[in-house]
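User: Could you take me through a single part of this structure up close? I'm new to it, so please explain the terms as you go.

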Amino acid sequence: MTKPYVFITRKLSEEIIRPLREIAEVHIWNEEERCVPREVLLEEAKKADAILTMLSEKIDKELLDAAPKLKVIANLAVGFDNIDVEYANQKGIAVCNTPDVLTDTTADLTFALLLATARRVVEAAEFVKNGKWKSWSPLLLAGYDVHHKTIGIVGMGKIGEAVAKRATGFEMDILYHNRSRNVVAEERIGASYAALDELIETADFIVCLTPLTEETKGLFNQESFRKMKKSAVFINVSRGPVVDEDALYQALLAGEIAAAGLDVFAKEPVEANHPLLTLPNVVGLPHIGSSSIETRAAMMELCCKNIELVLKHKQPKTLINKGWGLSVN
Ligand code: DGY
């Protein structure tokens, strides 16, 4: 019997892929830095029973229609806005992501970015490296305190909760906004639910962790930045399109808010000459929320496991389109 065909859209560690090789013919776009070209992905999709994708690949109707044998897509991310899940569902294709294993790592990075932005860590490090430090002075690179301030978390899923937990160590007041109330976060962490406007107007640190959907696209716009405190620090670790970048740039330029820490951008990779990156009060990172060696390995393993389970006609561990499982027996 011929083995199922698995296509992996980026170079991953051989050790992690090994179990998949035992049950499938595995083909890889063997580059670490460069995305698989669309035409190669479309060709591979024709043969594939499973695809292990990165968030840089658009898994849309065209791709799904080109993949008659496809049974499972395993996305190396918790977010899945790059995948037309509804259409995959109609086609009976399982879609899997990598929740849980990246929660603490992404929360760590969120808090690191918040601290770096508030305390001007990147600017200060550059200052020293560029030989600009000539004397100690009372307000040299003075930033904003984080401790005892108010953090407002928009998107209170598992990562939001983990960020809130970290904020308790800084004795912060914690506000959150979410589609539904998170009673666990309220009871265990002491977070208080707030309407979006109230959160935006009150918080010193506004942290965006909401997934990208039709509803959240452009959620942070000119109006929202105008409502924030002049000393507010805005942090985005979800997806770039949740923010109107032009509005953010104008708000920072006009001093409507104090600073921004961005791990994500509307277009990635972001160009070095992007207006936001020309501002000293913006800390920009290359979408590294979950990027620790341990967590990326766990994410890769989870993707491979999910593929293996579906190919063996079993329920995958982290399925997005829940209805899919009903057709498995
Ligand atoms: C995710 O998992 O969605 C993250 O954005 C990847 O770092």
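Analyst: Here's a look at the ligand and its surroundings, followed by a visit to Asn-97. Keep in mind that this is a predicted model, where local features need pLDDT of at least 70, side-chain atom pairs count only at pLDDT 80 or more, and totals for chains, interfaces and linings use all residues. Residues are numbered from 1 along each chain as its sequence is written, and side-chain values use heavy atoms, with hydrogens and water left out.

Around the ligand (a heavy atom within 4 Å) sit Leu-55, Ala-77, Val-78, Gly-79, Leu-102, Arg-239, His-287, Ser-290 and Arg-296. That shell splits into 4 nonpolar, 3 polar and 2 charged residues; Ala, Val, Leu, Ile, Met, Phe, Trp, Tyr, Cys and Pro count as nonpolar, Asp, Glu, Lys and Arg as charged, and the others, Gly among them, as polar.

Now for the ligand's oxygens. One lies 2.7 Å from a side-chain N or O atom of Arg-239. For Gly-79, a backbone N or O atom is 2.9 Å from a ligand oxygen, and Ser-290 has a side-chain N or O atom 2.9 Å from a ligand oxygen. On its own, the ligand has 230 Å² of accessible area, and the protein covers 93% of that (Shrake-Rupley method, 1.4 Å probe).

Val-78 also leads us to Asn-97, whose side chain reaches the backbone oxygen of Val-78 at 2.9 Å. Asn-97 is in the loop between β5 (94-96) and α5 (103-118); helices (H or I, at least four residues) and strands (E, at least two) are DSSP runs, numbered from the N terminus.

Notes: A polar contact is a pair of N or O atoms within 3.5 Å; within protein, one must be able to donate a hydrogen and the other to accept it, and residues adjacent in sequence count only if both atoms are side-chain atoms.
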